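Biologist: Before I rely on any label attached to this model, I would like to hear the reasoning behind each one. Could we look at it together and set the values against their definitions?

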There are 2 protein chains.
Amino acid sequence: MSKSIFYHAGCPVCVSAEQDIVTLIGTDNVDIVHIGEDKTKISEAERSGVKSVPALVTPNGNVLHINFGASIEDVKA
Amino acid sequence: MSKSIFYHAGCPVCVSAEQDIVTLIGTDNVDIVHIGEDKTKISEAERSGVKSVPALVTPNGNVLHINFGASIEDVKA
């Protein structure tokens, strides 16, 4: 199985969700991307359909927005 | 690891998320509960902190609201 990508921005909701996702699907199965620290990744996330963080993009390209920490627009600001 | 519980109400967003979650964490690791068909489960979901479906309650009790299909209030109606 190829990896999922977990996009977050360091917010408390993001950190909590990250811990849950890593526990559930295994750290080897997910790449963690902090779009607040690496803003070049924001457009990558947007192209994948991410509207808010935290969000998990599955290997088949579906986007699971998990709870709500911040919108992509907020992270850009 | 004890099981997670995936609460849903049969909506298209729910069905899509269910397939993703089952693929990601494995069918043996999650119980699927349709609160539209079994309304006695609505109060159970609410006690766990579920505000909308689809939602995943992790073994440690955290609630991950995934995308947005319907609010619990909508399911009650």
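Modeller: Let us begin with A:Asn67, which is found in strand E4 of chain A, and keep in mind throughout that this is a predicted model.

Biologist: What makes the phi of A:Asn67 worth a remark?

Modeller: Phi of A:Asn67 is near 50°, a positive value in a residue other than glycine. Most residues other than glycine have a negative phi. In chain B, the residue B:Asn67 also lies in strand E4, and B:Asn67 has a positive phi of about 50° although it is not a glycine.

Biologist: Why is A:Asn67 called partly exposed?

Modeller: The relative accessible area of A:Asn67 is 24%, and the partly exposed class runs between the 20% under which a residue is buried and the 50% over which it is exposed, so A:Asn67 counts as partly exposed. B:Asn67, with a relative accessible area of 25%, is partly exposed by that reasoning.

Biologist: And why is A:His65 called buried?

Modeller: A:His65, which is found in strand E4 of chain A, has a relative accessible area of 14%; because buried means under 20%, the label follows. The side chain of A:His65 reaches the backbone nitrogen of A:Lys51 at 2.9 Å, a separation that lies within the 3.5 Å allowed for a polar contact. Leaving aside neighbours within four places in sequence, the contacts of A:His65 include A:Gly49, A:Ser52 and A:Pro54 in chain A, and B:His65, B:Ile66 and B:Asn67 in chain B.

Biologist: What makes the peptide bond between A:Val53 and A:Pro54 cis?

Modeller: The omega of that bond between A:Val53 and A:Pro54 is about 0°, and the bond is cis. Most peptide bonds are trans. A:Pro54 has its place in strand E3 (residues 52-57) of chain A. In chain B, the bond from B:Val53 to B:Pro54 is cis too, with omega near 0°, and B:Pro54 is found in strand E3 (residues 52-57) of that chain.

Biologist: How do you know that the two copies are related as by a two-fold rotation axis?

Modeller: A rotation of 180° with 0.0 Å of shift along its axis superposes chain B on chain A, with an RMSD of 0.0 Å. The copies are thus related as by a two-fold rotation axis. In addition, 100% of the interface residues of chain B are also interface residues in chain A, so the copies meet through the same surface.

Biologist: What makes up the interface of chain B and chain A, and how many salt bridges cross it?

Modeller: Chain B and chain A bury about 1,300 Å² between them, 59% of it on carbon and sulfur atoms. Across this interface the rule finds zero salt bridges, whereas six residue pairs, both members at pLDDT 80 or more, are in polar contact. H1 and E4 of chain B each supply at least two residues of the side that touches chain A, and the largest share of that side, seven residues, comes from H1(B).

Biologist: Which residues touch the most other members of the largest nonpolar core?

Modeller: Of its 18 residues, these are A:Ile25, A:Leu56, A:Leu64, A:Ile66, B:Ile25, B:Leu56 and B:Leu64. Helix H1 (12-25) and strand E4 (63-71) of chain A, together with helix H1 (12-25) and strand E4 (63-71) of chain B, each supply at least two residues of this core. A:Leu64, for its part, is in contact with residues of both chains, among them A:Pro54, A:Leu56, B:Ala17, B:Ile21 and B:Leu24.

Biologist: How do you know that A:Glu44 and A:Lys41 form a salt bridge?

Modeller: The closest N and O atoms of A:Glu44 and A:Lys41 are 3.4 Å apart, and the rule asks for a separation within 4 Å, so the pair qualifies. Both residues lie in helix H2 (residues 40-48) of chain A, three residues apart, about one turn of the helix. At 27% relative accessibility, A:Lys41 counts as partly exposed, and A:Glu44, at 22%, is partly exposed as well. In chain B, the side chains of B:Lys41 and B:Glu44 meet in a salt bridge at 3.4 Å, N to O. A search of the whole structure finds eight salt bridges over all chains.

Definitions and conventions: Residues are numbered from 1 along each chain as its sequence is written. Chains are lettered from A and ligands numbered from 1 in the order in which they are written. This is a predicted model: local features need pLDDT of at least 70, side-chain atom pairs count only at pLDDT 80 or more; totals for chains, interfaces and linings use all residues. Side-chain values use heavy atoms; hydrogens and water are left out. Copies are superposed by least squares on the C-alpha atoms of residues with pLDDT of at least 70 in both. Contact means heavy atoms within 4.5 Å. A nonpolar core is a set of buried Ala, Val, Leu, Ile, Met, Phe, Trp, Tyr and Cys residues joined through side-chain atoms within 4.5 Å. Buried means under 20% relative accessible area, exposed over 50%, partly exposed in between (1.4 Å probe, protein chains only). Helices (H or I, at least four residues) and strands (E, at least two) are DSSP runs, numbered from the N terminus. Buried area is the accessible area (1.4 Å probe) that two parts lose on being put together, summed over both. A polar contact is a pair of N or O atoms within 3.5 Å; within protein, one must be able to donate a hydrogen and the other to accept it, and residues adjacent in sequence count only if both atoms are side-chain atoms.
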